Amino acid sequence: MISVGTVVMSKSGHDANRFFAVVKVENDFAFICDGKLRTLDKPKKKNLKHLQKTNTVLSSEGIGTDKQIRNALHRFNYGEEK
């Protein structure tokens, strides 16, 4: 089950193979952001079947600002610690 704070990978669309943090879940949709192109002010609404869940869950403090989300997702999207 995907919950708020879960790091997910997009499986389809123009953002395929990129990692995002889930900021909200409604019915069969998750609102995801990466802190850069998709900010907390304008998250992407994505169908849950188009997302691949990872084993990483960010704390509620870890998704408080766009900068925190960018820093947390950096190692997923670029393969190294910032």
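1. A salt bridge here is a side-chain nitrogen of Lys or Arg within 4 Å of a carboxyl oxygen of Asp or Glu. Lys24 and Glu26 fit that description, with their side chains meeting at 3.0 Å, N to O. Keep in mind as you read that this is a predicted model. Both partners are partly exposed: Lys24 has 39% relative accessibility, and Glu26 has 36%.

2. How many salt bridges does the rule give? The count comes to 3. Besides the Lys24 and Glu26 pair, there is one between Lys46 and Asp15, and another between Arg18 and Asp34.

3. The Lys46 and Asp15 bridge has an N to O distance of 3.0 Å. This pair ties together distant parts of the chain, as Lys46 sits in strand β4 and Asp15 in the loop between β1 (6–10) and β2 (19–26), with their positions 31 residues apart. I'd look at the burial here: Lys46 counts as buried because its relative accessibility is 6%, which is under the 20% cut-off. Asp15 is buried too, at 4%.

4. For Arg18 and Asp34, the closest N and O atoms are 2.3 Å apart. Again the link is between distant parts of the chain: Arg18 belongs to the loop between β1 and β2, Asp34 to the loop between β3 and β4, and they are 16 residues apart. Is each partner buried or exposed? Arg18 is partly exposed at 26% relative accessibility, whereas Asp34 is buried at 5%.

5. Asp34 deserves a point of its own. The loop that holds Asp34 runs between β3 (29–33) and β4 (44–47). Which backbone nitrogens does the Asp34 side chain reach? One belongs to Lys36, 2.9 Å from a polar atom of that side chain; another is the backbone nitrogen of Leu37, at 3.1 Å. Setting aside neighbours within four places in sequence, Asp34 also contacts Arg18, Phe19, Phe20, Ile69, Arg70 and Leu73.

6. Now the nonpolar interior. The largest nonpolar core has 9 residues: Val7, Phe19, Ala21, Cys33, Leu58, Ile63, Ile69, Leu73 and Phe76. Two elements, β2 and α1 (66–78), give two or more residues to this core. The top contributor is α1, with 3 residues.

7. Phe19 is a good place to start when looking around that core. Not counting residues up to four places away in sequence, Phe19 touches Val7, Val8, Met9, Asp34, Thr54, Leu73, Phe76 and Asn77. The list therefore includes Val7, Leu73 and Phe76, fellow members of the core, where membership requires buried residues joined through side-chain atoms within 4.5 Å. Asp34 is on the list as well. Another core of 7 residues lies apart from the largest one, with Phe20, Val22, Ile32 and Leu51 among its members.

8. Finally, a backbone check. Which residues have a positive phi without being glycine? Asn17 is one of them, at about 70°, and Asn27 is another, at about 50°. Asn17 is in the loop between β1 and β2, while Asn27 is in the loop between β2 and β3. Asn17 counts as exposed because its relative accessible area of 57% is over the 50% cut-off. Asn27 is exposed at 75% relative accessibility.

Notes
Residues are numbered from 1 along each chain as its sequence is written. This is a predicted model: local features need pLDDT of at least 70, side-chain atom pairs count only at pLDDT 80 or more; totals for chains, interfaces and linings use all residues. Side-chain values use heavy atoms; hydrogens and water are left out. Helices (H or I, at least four residues) and strands (E, at least two) are DSSP runs, numbered from the N terminus. A polar contact is a pair of N or O atoms within 3.5 Å; within protein, one must be able to donate a hydrogen and the other to accept it, and residues adjacent in sequence count only if both atoms are side-chain atoms. Contact means heavy atoms within 4.5 Å. Buried means under 20% relative accessible area, exposed over 50%, partly exposed in between (1.4 Å probe, protein chains only).
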